[in-house]
Amino acid sequence: MSDAPQTEQKSEPSLIVLAAILSADPEMPISGERSVDCSVLWRHYSTARDAAELAGDGEKAAVYNLLGGVCTMGLQAGEPLKPFTPLMAWATGSSPTPLTYRGKQSLVFGELAAEVAHPALKARLADLAWVNTKQHEAARLAIESYIECVRRLLAGKAEMRSHRNEASGPRALDLLRRASVLQRQIGWGGGRTDDLVSLAKKVRQRAMKREDVFGFVRASDLELDFQTTRAAILAKAAEAFAVSRAAAGDEDGSEQLWRLTARAYSRADRKVDADRALVQVAERLVETADRMAKSPMHETHWLEQAIATLRRVRGTNARRADLQARLVRKQGDIADFMAPISSSTDISEIVEGTKAQLGGKELADALLIYAVQSRSPAVADLRREAEESIGRSPFGSLFASVIYDETFKPTSRTPPAGDFASPPNEANIRVQIIQHEQMRRGLVVAGQIEPGRYQIVFDHAPDELVLTTLAAMSPFVPPHHEALFGRGFAHFFNGDFIEAAHLLVPQLENSLRYVLNAADVDTTRLKSDLTQSSATLSTLLNPSGEWRKPLEDLIGDAVMFEIENLFDHQAGPTLRHRMAHGLLHQWVFGGRDAIYACWFIYRLCIEQLTPHADEVRRRLRSLT
């Protein structure tokens, strides 16, 4: 019970005044706590709340519940307009958000922030007061408190979650980034601007001294975003670091450092140097392709990433031609390797991990296990079950089957099969399959997808950077689309299903084309006016069309059948069509079909990475 998140009520919670909070000794549960991570403070307040309830002290329990709710929220440091997200979200509500405490309670938070000593609690209270009341004094207090948190981390006097005390860690740098955002909102150049500039530089220099590549990149990105250091100086430092890490055999680290170098030189308007750095990025991507040589689909994915990077650089035609020739040679091998990935790849170790649930797994393993929670049923099995169901209830086939949308307009009509002696026609069987699939999706969502999502968020709270990095590894994600998938996955894990679906569902069509193109299958159509267009989703899924069979060969007939039933067939949810034309009501996105669709796209992207679990662990560990 102590770790259960406080839930958001539909009515505004009762106001707890400052005197009542102070009389409950609000910092007693966190006294002596070194952590400046609010997720750690939340657990202390949850325990204290439960103890107060058992002791019959309702006033203390209410205060600790309030402060615990404040600490449950996740910080989105890079989102000025929506800096806090709920720990958990579901179709009918969520754990606390800033709106939970709007009005007078936020004014009380501003007063309370001036009274408490713990810098993380002070920063959270003051920040919420600023978000809801826009009082500049609250913003200034939040900035000072965030700065104090980072200073303690640099001095070794504080730590983040999991006892990590590096000021260059992602959660620690989020504190510094949020302070910088606040300073910009109330006036960059004044207040604590000089302290923020100095701290960012110290964190970057400390990371370089510790050979913490990703900490160095994160701190440098912060400095570039807020222009606190000359871009040319950052570029030279990043380039020197990249050379040293490459010499040490750090492939991932050197790639990220060269990316940073290119960005910094570009910001400094030094195109020649930026292009030189991009060439190095491309070569690091080729090295990754070399490590994936046993999997043609993954090798071609990284080769395409390298070629796409080189297209931004003049004078690389010869190198691009070499890589393109290698790409074409490998494309011919894809079909032979893709079918085993979708049907018989040995993932027994991960499946066994699923049986032991997701709790206690490291982030990379949890994300991979989550992608294989459910598989697409075999088409033959679905057909047999549908025929048996029709046989058990023959009266249903005597009448036309009509599917209605939310406005009660008929969107699909299936004619009756005939008399009892007539076998069910294909249309009746398909409708029955789709109905069975809707029930299966409901069970999967309730029994696996949602509990799994809760567990991963509770244990790891993966951020957009982690999920974008994961998406970039997938051969299902086209180059320069990884940020769209990463943000969609981040919204999905946070329970923002409206945003997740609108980001992910439109990407499905292009990803299917990308998979075909990677296998050297052309997906363009020449129209009568001699212009060209790309094959649409309905065209790609057409059972009698030229692209359905190649797709089934590449990713499996069961997967393609499920894609058609979920996204395109008129008797099904037709999520893609209805979303594209604005036909979905807001409540649809909290339902089983939309949640399943978001997870299903996550699965299509991530399940193919399971044979490369070691590579996934290596890349994600450097981020987390």
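1. The side chains of Arg245 and Glu211 form a polar contact at 3.3 Å, as computed on what is a predicted model. Arg245 belongs to helix 10, which spans residues 231–247, and, because its relative accessible area is 14%, this arginine counts as buried. Setting aside residues up to four places away in sequence, Arg245 touches Glu211, Val213, Asp250, Ser254 and Leu257, so that a reader inspecting this site has both acidic and nonpolar side chains to examine.2. The partner in that polar contact, Glu211, sits in the loop that runs between helix 8 (193–209) and helix 9 (213–226). The backbone of Glu211 deserves a look as well, since its phi is positive, at about 60 degrees, although the residue is not a glycine.

3. A second residue with a positive phi is Gln227, which is likewise not a glycine and has a value near 50 degrees. Gln227 is placed in the loop between helix 9 and helix 10, and it counts as exposed because its relative accessibility is 63%, where the cut-off is over 50%.

4. Trp188 is found in the loop that joins helix 7 (170–187) to helix 8. With a relative accessibility of 33%, Trp188 counts as partly exposed, a class that lies between the cut-offs of 20% and 50%. Its C-alpha atom is 9.4 Å from that of Phe226, although 38 residues separate the two in sequence. Leaving aside neighbours within four places in sequence, Trp188 is in contact with Ser180, Gln183, Thr193, Leu196, Val197, Phe226 and Thr228.

5. Which residues touch the most other members of the largest nonpolar core? They are Leu367, Phe492, Ile563, Phe567 and Tyr602, out of the 173 residues that make up this core. Helix 28 (residues 592–606) supplies the largest share of the core, with 12 residues. Apart from this core lies another one, of 6 residues, which includes Leu382, Ile390, Ile429 and Phe561.

6. The surroundings of Phe567 can be listed in full: when neighbours within four places in sequence are left aside, this residue is in contact with Val505, Leu508, Leu537, Thr574, Leu575, Arg576, His577, Ala597, Phe600 and Ile601.

7. The axes of helix 11 (residues 251–267) and helix 29 (residues 613–623) come within 10 Å and cross at roughly 50 degrees. The two helices are therefore oblique to each other, and helix 11 passes helix 29 in a right-handed crossing. On the side of helix 11 the contact is made by Glu251, Asp252 and Glu255, and on the side of helix 29 by Glu615, Arg618 and Arg619.

8. Thr92 lies in the loop between strand 3 (89–90) and strand 4 (93–94), and, because its relative accessibility is 61%, it counts as exposed. Thr92 and Trp587 are 495 residues apart in sequence, yet their C-alpha atoms are 9.3 Å apart in space.

9. For the protein overall, there are 29 helices and 8 strands, and 53% of the 624 residues count as buried. Among contacts between residues at least 6 apart in sequence, 68% join residues at least 24 apart.

Note on methods: Residues are numbered from 1 along each chain as its sequence is written. This is a predicted model: local features need pLDDT of at least 70, side-chain atom pairs count only at pLDDT 80 or more; totals for chains, interfaces and linings use all residues. Side-chain values use heavy atoms; hydrogens and water are left out. Helices (H or I, at least four residues) and strands (E, at least two) are DSSP runs, numbered from the N terminus. Buried means under 20% relative accessible area, exposed over 50%, partly exposed in between (1.4 Å probe, protein chains only). A polar contact is a pair of N or O atoms within 3.5 Å; within protein, one must be able to donate a hydrogen and the other to accept it, and residues adjacent in sequence count only if both atoms are side-chain atoms. Contact means heavy atoms within 4.5 Å. A nonpolar core is a set of buried Ala, Val, Leu, Ile, Met, Phe, Trp, Tyr and Cys residues joined through side-chain atoms within 4.5 Å. Axes are lines fitted to C-alpha atoms, for helices over the stretch in contact, and angles run from 0 to 180 degrees between N-to-C directions. Angles under 35 degrees count as roughly parallel, over 145 as roughly antiparallel, 65 to 115 as roughly perpendicular and the rest as oblique. A crossing is left-handed if the near helix is turned anticlockwise from the far one by less than a right angle, and right-handed if clockwise.
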